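Subject: Structure handover

Dear colleague,

I am passing on the structure we spoke about, together with some notes on what turned up in it. Please look at the model first and then read on.

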Amino acid sequence: MKQAKDILKIAAGNIRRYRLMGNISQEKLAEYADVHRNYIGRVERCEINLSLVQLAKIASGLNIHPSELLKE
């Protein structure tokens, strides 16, 4: 079973990957996801624990299903 930190790293990496694939800045994604502009950077650096609600908001900002952010 995966450790919580492993899942956070997977989600953070996927957020960054999808963001870069879409040529979206961290600030723009924060705007799309309706989160604070510094939040995306902190998530991508695994500095904070990402809630399911925030994961869903970020996925919405990326126009993907939230489950895509948890795939290895």
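The accessible surface of the chain comes to about 4800 Å², and 51% of that area belongs to carbon and sulfur atoms. Please keep in mind throughout that this is a predicted model, and that the values below were computed from it. Of the 72 residues of the chain, 38% count as buried. As for charge, the chain carries 12 positive and 8 negative charges, whose mean positions lie 3 Å apart.

On the overall fold, the chain holds four helices and zero strands, so that, read along the sequence, its pattern is α-α-α-α. The C-alpha trace spans about 35 × 20 × 20 Å along its principal axes. A compact globule of 72 residues would have a radius of gyration near 11 Å, and because the chain itself has 11 Å, the two agree. Among contacts between residues at least 6 apart in sequence, 55% join residues that are at least 24 apart.

Helix H2, which covers residues 26-33, has Leu29, Ala30 and Ala33 as buried residues. These residues cover an arc of only 105° around the axis, and therefore they sit on the same side of H2. What covers the buried residues of H2 includes helix H1 (4-21), together with H3 and H4. Just after H2, the backbone at Asp34 takes a positive phi of about 60°.

Turning to helix H3, Glu44 has its place there, and you may wish to ask whether Glu44 is buried or exposed. With a relative accessibility of 13%, Glu44 counts as buried, because the cut-off for that class is under 20%. Leaving aside residues up to four places away in sequence, Glu44 touches Ala12, Ile15, Arg16, Arg19 and Gln26.

Cys46 lies in the loop between helix H3 (39-44) and helix H4 (52-62). Its relative accessible area is 32%, and Cys46 is therefore partly exposed, a class that runs between the 20% and 50% limits. The phi of Cys46 is near 55°, which is a positive value in a residue other than glycine. When residues up to four places away in sequence are not counted, Cys46 touches Leu8, Lys9 and Ala12; Ala12 also appears among the residues that Glu44 touches. Cys46 and Gly13 are 33 residues apart in sequence, yet from C-alpha to C-alpha they are 9.2 Å apart in space.

One further residue with a positive phi deserves a mention, namely Asn63, where the angle is about 60° although the residue is not a glycine. Asn63 lies in the segment after H4, and because its relative accessible area is 71%, where over 50% is required, Asn63 counts as exposed.

If you look at the backbone angles, the places to start are Asp34 just after H2, Cys46 in the loop between H3 and H4, and Asn63 in the segment after H4.

With best regards

Note on methods. Residues numbered from 1 in each chain as written. Predicted model: local features only at pLDDT ≥ 70, side-chain atom pairs only at ≥ 80, totals over all residues. Heavy atoms only, no water. Helix = DSSP H or I, 4+ residues; strand = E, 2+ residues; numbered from the N terminus. Buried < 20%, exposed > 50% of the residue type's maximum accessible area, 1.4 Å probe, protein only. Contact = heavy atoms within 4.5 Å. Rg over C-alpha atoms; globule rule 2.2 N^0.38 Å. Areas by Shrake-Rupley, 256 points an atom, 1.4 Å probe, with all protein chains shown as cover. Lys, Arg positive; Asp, Glu negative; His and termini not counted. Charge placed at Lys NZ, Arg CZ, Asp CG, Glu CD. Arc of directions from axis to C-beta.
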